[in-house]
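Here are some short exercises to work through with the structure open beside you. Try each task before reading its solution.

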Amino acid sequence: MPSKQPVRFDPSVETIAPDEQETLKTLEGSFQEILETTSQDYGHAVRSVHAKAHGIARGTFTVADDLPAELAQGIFARPGTHEAVIRISTNAGDILDDSVSLPRGLALKVLDVEGARLPGSDGDTTQDFIMVNGPAFSAPDAKAFAKNLKLLAKTTDRFEGVKKAMSATFRVVESALEAVGGQSATLQTLGGAKPVHPLGETYYSQTPFRYGDYIAKVALFPVSPGITRLTGDTVDITSRPDALREVVRDELIEHGGTWEFRVQLNTDLETMPIEDASVVWDEAESPFVTVATLEIPPQLSWEHGVTDRTDDALSYSIWHGITAHQPLGGVNRARNETYKQSADFRGNFNGCPMHEPTKLSELA
């Protein structure tokens, strides 16, 4: 637990920029450009971000017993086991050869949760968490996010050969930066990320959320030996367009995996800001503490022609959930309508409207 008392949630912790609606329209325009470009190219609509899935796996999410009051909040207020489904991906809005090396993502959907719902998710019983293998967001605020996305929209699904070459160059530059203790979120987003094994990574919410009476970031840490041995390992992506899908499938068939879901409580609004998503919250001030365990039993995480349909039917959003875990900050507010925009576009284009599952057996 943190040495300082956690900050209590109050609506005043958020500061809405005067031009936030204008920024949102810019984001929506970029999302629409990505969606229209890729759907016309593929004849099928895919997500505007994290389009390519590398594995979908079902399991259980178990809330720990006897959590202290500060941690027994929201869906973690009562111990119990829930069905859950994860989706492993990379962050581009087009489906690229895996030699374009990008940050990894993991989306977690927890089923059968109770509590007052966030706007737009009324009647559902799911709680989504969307995480990436880095502790902070690549942009500090919604305006910078919109600027980055506009650049990505202009390059979506074009000149894949150039992207491969650029990715190889960016990886060399990023490796040189890391060798001297630095890194570049921009280079990683453009293809300079190290080609790490998705199952060995720790995944972070990057942005803050309400945590019942408090405020927190969350993360998913691998803990079972079968996947911790992969931490830091790189995947040979040479001439293997779907290398990540292959290695995730092989490992999950053999080992499955166990992760701990951990919470980092906000203890200082100055050093752990709500409206600057690029700031890493100091773990020395407030360490991540385990509140639940995700168990994925050995299974086939990708079967061509089958898992594709499951992927189409699934929709993840940080705004699928309960008010006790309300997303906070400008970047998260910007992700509300844009994630809905992407899901609605996919549902309409593919002729399959999105429906939140109430149990895993409803998934294809």
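**Exercise 1. A histidine in a loop**

Task: Decide whether His-50 is buried or exposed, and describe its backbone.

Solution: Please keep in mind that this is a predicted model.
- Step 1: The relative accessibility of His-50 is 13%, so His-50 counts as buried, the cut-off for buried being under 20%.
- Step 2: Now place the residue in the chain: His-50 belongs to the loop that runs between α1 and β1 (53–63).
- Step 3: Turn to the backbone, where His-50 has a phi near 55°, a positive value in a residue other than glycine.
- Step 4: For context, most residues other than glycine have a negative phi.

**Exercise 2. A serine to set beside it**

Task: Find where Ser-239 lies, and work out whether Ser-239 is buried or exposed.

Solution:
- Step 1: Look in the loop between α5 (225–228) and α6 (243–254), which holds Ser-239.
- Step 2: Ser-239 is not a glycine, yet its phi is positive, about 55°.
- Step 3: With 74% relative accessibility, Ser-239 counts as exposed, whereas His-50 counts as buried.

**Exercise 3. Checking a helix**

Task: What span should the 23 residues of helix α1 have at 1.5 Å a residue, and which residues of α1 are buried?

Solution:
- Step 1: Helix α1 covers residues 20–42. The expected span is 1.5 Å times one less than the number of residues, which gives 33 Å for α1.
- Step 2: Compare this with the model: the C-alpha atoms at the two ends of α1 are 33 Å apart, in agreement with the expected span.
- Step 3: The buried residues of α1 are Glu-20, Thr-23, Leu-24, Leu-27, Ser-30, Phe-31, Ile-34, Leu-35, Thr-37, Thr-38 and Ser-39.
- Step 4: A useful rule for reading such a list is that an α-helix has 3.6 residues a turn, so residues three or four places apart point the same way.
- Step 5: After the helix comes Gly-43, with a positive phi near 70°.

**Exercise 4. The largest cavity**

Task: How many residues line the largest cavity, and which lie nearest its centre?

Solution:
- Step 1: Searching the whole structure gives five cavities of 30 Å³ or more, and the largest cavity holds about 230 Å³ of space.
- Step 2: Its lining has 17 residues, with Arg-47, Val-49, Ile-130, Tyr-316 and Tyr-339 nearest the centre.
- Step 3: Sorted by class, the lining of the largest cavity has eight nonpolar, six polar and three charged residues.
- Step 4: At least two lining residues come from each of β2 (80–90), β3 (104–110), β4 (127–132) and α8 (330–350). Helix α8 gives the largest share, four residues.
- Step 5: Two of the residues nearest the centre have further contacts to inspect. Lys-109 lies over the face of Tyr-316, 4.6 Å from the ring centre. The C-alpha atom of Val-49 is separated by 4.1 Å from that of Gly-93, although the two are 44 residues apart along the chain.
- Step 6: Gly-93 itself sits in the loop between β2 and β3, and at 9% relative accessibility Gly-93 counts as buried.

**Exercise 5. The second largest cavity**

Task: Which residues line the second largest cavity, and where does Ser-205 lie?

Solution:
- Step 1: The volume of this cavity is about 70 Å³.
- Step 2: Its lining is made by Pro-135, Tyr-204, Ser-205, Gln-206, Lys-217, Val-218, Gln-264, Val-280, Trp-281, Glu-283 and Phe-288. By class there are six nonpolar, three polar and two charged residues.
- Step 3: Ser-205 is in the loop between β5 (203–204) and β6 (209–211), and its relative accessible area of 4% makes Ser-205 buried.
- Step 4: Another lining residue is Lys-217. Between the C-alpha atoms of Ser-205 and Lys-217 there are 6.0 Å, with their positions 12 residues apart along the chain.

**Exercise 6. Rings and charges**

Task: How many aromatic pairs does the structure hold, and which ring lies under the charged end of Arg-262?

Solution:
- Step 1: The structure has 10 aromatic pairs.
- Step 2: One aromatic cluster consists of Phe-61, Phe-76, Phe-129, Tyr-211 and Phe-261.
- Step 3: The ring under the charged end of Arg-262 is that of Phe-221, with 4.1 Å to the ring centre.

Note on methods: Residues are numbered from 1 along each chain as its sequence is written. This is a predicted model: local features need pLDDT of at least 70, side-chain atom pairs count only at pLDDT 80 or more; totals for chains, interfaces and linings use all residues. Side-chain values use heavy atoms; hydrogens and water are left out. On a 1 Å grid over the protein atoms alone, a cavity is a set of points where a 1.4 Å probe fits but cannot get out, and a pocket is an open set with protein on both sides within 12 Å along at least five of seven lines; lining residues have an atom within 4 Å of a point. Grid points are joined across faces, edges and corners, and a volume is the space filled by probe spheres set on the points. Ala, Val, Leu, Ile, Met, Phe, Trp, Tyr, Cys and Pro count as nonpolar, Asp, Glu, Lys and Arg as charged, and the others, Gly among them, as polar. Rings of Phe, Tyr and Trp (its six-membered ring) pair if their centres lie within 6.5 Å; planes under 30 degrees apart count as stacked, over 60 as edge-to-face and the rest as tilted. A charge sits over a ring if NZ of Lys or CZ of Arg is within 6 Å of the ring centre and within 35 degrees of the ring normal. Buried means under 20% relative accessible area, exposed over 50%, partly exposed in between (1.4 Å probe, protein chains only).
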